[in-house]
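Open your viewer and get ready to select a few residues. This short tour goes stop by stop and tells you what to look for at each one.

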Amino acid sequence: MFGGYLKQSGTHFTHDGQRVFLSGANTAWVSFGYDFGDHQYQYRRARYIELMEKVRQAGGNSMRTWVHIEGQTSPKFDHSGHVTGLDSGDGSFLADFRQYLDDARARDILIFPTLWNGALKQHPGNLAGLITDTSKLQSYLDHALVPWVQAVKGHPALGGWDVINEMEGVLRTDQPHNHDPCQDTSFLVGSGAGWAGASYTAQQLQRFINWQVDAIRRSDPTAQVTAGSWSQKSQTDQWGNKNLYSDHCLVKAGGKAQGTLTFYSTHTYDWHHHYNSDSPFKHHANDFQLDKPLVIAEFNQLRGAGQTIEQLFNYAYYYGYAGAWSWHANADGSDTDSTDVQMRGIAFIKNKNDQAKGGRVSIDI
């Protein structure tokens, strides 16, 4: 097996012994929910390689890629909602994903797979079952996640794992005030959280994350793991907010000792052309008082409060963040910068190697 390369060191990452800054883009998909398993990557591969080439040529080093999303084609669910495998065909998911990692390694790109998505309103079904039913969640760990992690651990192009995208979209904030600070979401009332259905309690989502992180880290103790919050509000105890994904809260909700994040990742967009006062682009990373690296995992110039993409990447580099990924390289919607705009931002910091600030951007894997 290959050696593990990306490591956590306090509030930043190291790669081959040097401090590094994760610079790149969200892929985030080529065909939403239909990219991996059942040989689907073979039909998407040319576009994935094209996107990775753009990031490589711009001087980037990493990409965040959505995989299961809501379980459209992976993993495989039976009639009861339990998981029986990674895909419904001949088990090509692992070959698909290894090929993706090999393609990324050839371009010195670290890949961060995002497993699930909480940003869209869900229909009762497979993903809901994993969040609410621990027997179904355990079936996913046993028959899909653990085999996947074991198959790719140590691959030099595997940067880390992101359990779920914007879980706050399905988070309930209408619960009565809870005496347990880890379960009390009243601070998010009026924040926009719950926009995708507000279906699950904090405890249910924390357990969902805790169990998967624990399974990943037990299978690969060197793994870097996060969960991609829609906002910094739920990842810090500062400014009247609450870190719902602290080690304490995750272990308390799920009971799995190793189910704690190794780094934090947050998304930030302006509102009416202004960033919220607690946005990462209003603060140094140290202001969040976190003890782990913090990556700005989604942002763009389109919703950048009038700042250019070059300014945003430069700010993230010099203000203590561990990485910056623009939204999103495939540029197939009205909510994203064009691919060329994103590549300009990546290119602006490509030669930086300030070991006292952001660290090295150019890496060899």
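Before the first stop, one cut-off is useful: a residue counts as buried when its relative accessible area is under 20%, as exposed when it is over 50%, and as partly exposed in between. Please also keep in mind that this is a predicted model.

**Stop 1: Phe97 and Trp148**

Select Phe97 to begin. Its relative accessibility is 0%, under the 20% limit, so Phe97 counts as buried. Now add Trp148, which is likewise buried at 0% relative accessibility. The structure holds 32 aromatic pairs, and Phe97 with Trp148 is one of them: an edge-to-face pair with 5.2 Å from centre to centre and 85° between the planes. Phe97 belongs to helix 2 (residues 93-105) and Trp148 to helix 4 (residues 134-152), so this pair ties together parts that lie 51 residues apart in sequence.

Keep both selected and widen the view. Phe97 and Trp148 are members of one aromatic cluster, together with Phe36, Tyr41, Tyr48, Phe93, Tyr100 and Trp161.

**Stop 2: Thr65**

From the cluster, go to Thr65 in strand 5 (residues 62-69). Is Thr65 buried or exposed? Thr65 has a relative accessible area of 0%, so it is buried. Show side chains here: a polar contact of 2.7 Å joins Thr65 to Tyr100. Beyond its neighbours within four places in sequence, Thr65 is in contact with several residues, including Phe36, Tyr48 and Tyr100, and these three also belong to the aromatic cluster. Among the other contacts of Thr65 are Thr27, Ala28, Ile111 and Pro113.

**Stop 3: Ala193**

Next, select Ala193, in the loop between strand 9 (161-165) and helix 5 (202-219). Computed along the sequence, Ala193 is 128 residues from Thr65, and in space the C-alpha to C-alpha distance is 23 Å. Ala193 is buried because its relative accessible area is 13%, under the 20% limit. Which residues does Ala193 touch, leaving out those up to four places away in sequence? They are Glu168, Leu171, Thr173, Leu188 and Trp230.

**Stop 4: the disulfide**

How many disulfides does a search of the whole structure find? It finds one. Select Cys182 and Cys249 to see this bond, with the sulfur atoms 2.1 Å apart. The link is left-handed, with -80° about the S-S bond. It connects distant parts of the chain: Cys182 sits in the loop between strand 9 and helix 5, while Cys249 is in helix 6 (residues 247-254), 67 residues away. Both cysteines, Cys182 and Cys249, are buried.

**Stop 5: Trp239 and Phe288**

Select Phe288, which is buried with a relative accessible area of 2%. Then add Trp239, which is partly exposed at 40%. Like the buried Trp148, Trp239 is part of an aromatic pair: the ring centres of Trp239 and Phe288 are 5.2 Å apart and the planes stand at 90°, so the pair is edge-to-face. Trp239 lies in the loop between strand 10 (225-229) and helix 6, and Phe288 in the loop between strand 11 (264-267) and strand 12 (294-298), so parts 49 residues apart in sequence are tied together.

**Stop 6: charges over rings**

Finish with two lysines. The charged end of Lys256 sits over the ring of Trp211, 4.5 Å from its centre. For Lys352, the charged end sits over the ring of Tyr317, and the distance to the centre is 5.9 Å.

Notes. Residues are numbered from 1 along each chain as its sequence is written. This is a predicted model: local features need pLDDT of at least 70, side-chain atom pairs count only at pLDDT 80 or more; totals for chains, interfaces and linings use all residues. Side-chain values use heavy atoms; hydrogens and water are left out. Helices (H or I, at least four residues) and strands (E, at least two) are DSSP runs, numbered from the N terminus. Buried means under 20% relative accessible area, exposed over 50%, partly exposed in between (1.4 Å probe, protein chains only). Contact means heavy atoms within 4.5 Å. A disulfide is a pair of cysteine sulfur atoms within 2.5 Å. A polar contact is a pair of N or O atoms within 3.5 Å; within protein, one must be able to donate a hydrogen and the other to accept it, and residues adjacent in sequence count only if both atoms are side-chain atoms. Rings of Phe, Tyr and Trp (its six-membered ring) pair if their centres lie within 6.5 Å; planes under 30 degrees apart count as stacked, over 60 as edge-to-face and the rest as tilted. A charge sits over a ring if NZ of Lys or CZ of Arg is within 6 Å of the ring centre and within 35 degrees of the ring normal.
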